[in-house]
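Trainee: I am new to this structure and would like a close look at a single part of it. Please take me through that part step by step.

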Amino acid sequence: MHYQRAIGILGGTFDPIHFGHLRMAIELYQTLDLSEVRLIPCFQPVHRKLPAATPEQRLAMVEQAITNEPHLRVDAREITRQSPSYMIDTLLALRAELPDTPICLLLGIDAFLGFSSWHRWQAILDLAHLVIAHRPQYQLPHTGIIADIIKERLRPDINAIHEALAGTILFQPITSLEISATDIRKQIAMGKSPRYLLPDSVYDYIMRHGIYSISRL
């Protein structure tokens, strides 16, 4: 069966979005020959504390960040849903809209190592491929659920994500940018400049709206 070109999905709090997120998105778009990458800011994360910026501010920062990049687009569905953000719900909605398009859930290696704790993680593999972006040196478990998932689902060929709607795991090296949103927030709170860690448009938005000032953290 012939499918549409796969799309990439990159979710996160984006508190704030920075060049680490953006470089991962554009590299995977290019390397995997995706039709687009959708950045999906979550409304309320379920595995970590609430973001410092509001959902509306985080959505606006993502919009600012990708203004001049036509292959990246923002998808606001988790913000507009206004409920705890479970990836399974987002993927179910996307699959209903895109029945003939392979969907690639783009994850960093750290997020993947916690994948078996996600809500309905087995069902996620029925709806999407997992593309694991990794740095040159990375460690994978040799036993346990994650090791079993890798053994069962890993495919070495990039074409696998275009030849089925879901279900495979692909490891893809990317440029390593060790940028931390937590560190960016701390720098701003201390009155330091995080410029060159995130787009100027995002930094300017943060300063204009007083996000991450010491009184708000």
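Trainee: In β6, which residue is the bridge partner of V131?

Mentor: The partner of V131 in β6 is L170. Bear in mind that this is a predicted model. The bridge belongs to a pairing of two strands: β5, residues 129–134, and β6 run parallel and are joined by 5 bridges. Strand β6 covers residues 169–173, and 4 of its 5 residues are buried, so the strand is largely enclosed by the rest of the structure.

One residue to look at in strand β6 is F171. F171 has a relative accessibility of 15% and therefore counts as buried. Its ring pairs with the ring of Y138: the centres are 5.9 Å apart and the planes are at 15 degrees, so this pair is stacked. Y138 sits in the loop between β5 and α7 (145–153), while F171 is in β6, so the pair ties together parts that are 33 residues apart in sequence. With a relative accessible area of 29%, Y138 is partly exposed.

The ring contacts go on from there. F112, F115, W118, W121, Y138 and F171 are linked by ring pairs into a cluster, and the count of aromatic pairs comes to 5. One of these pairs is F115 with W121, whose ring centres are 5.9 Å apart and whose planes are at 70 degrees, so the pair is edge-to-face. F115 is buried, because its relative accessibility is 0%. W121, with a relative accessible area of 15%, is buried too.

Methods. Residues numbered from 1 in each chain as written. Predicted model: local features only at pLDDT ≥ 70, side-chain atom pairs only at ≥ 80, totals over all residues. Heavy atoms only, no water. Buried < 20%, exposed > 50% of the residue type's maximum accessible area, 1.4 Å probe, protein only. Helix = DSSP H or I, 4+ residues; strand = E, 2+ residues; numbered from the N terminus. Pairing = 2+ DSSP bridges. Phe/Tyr/Trp six-rings, centres within 6.5 Å; stacked < 30°, edge-to-face > 60°.
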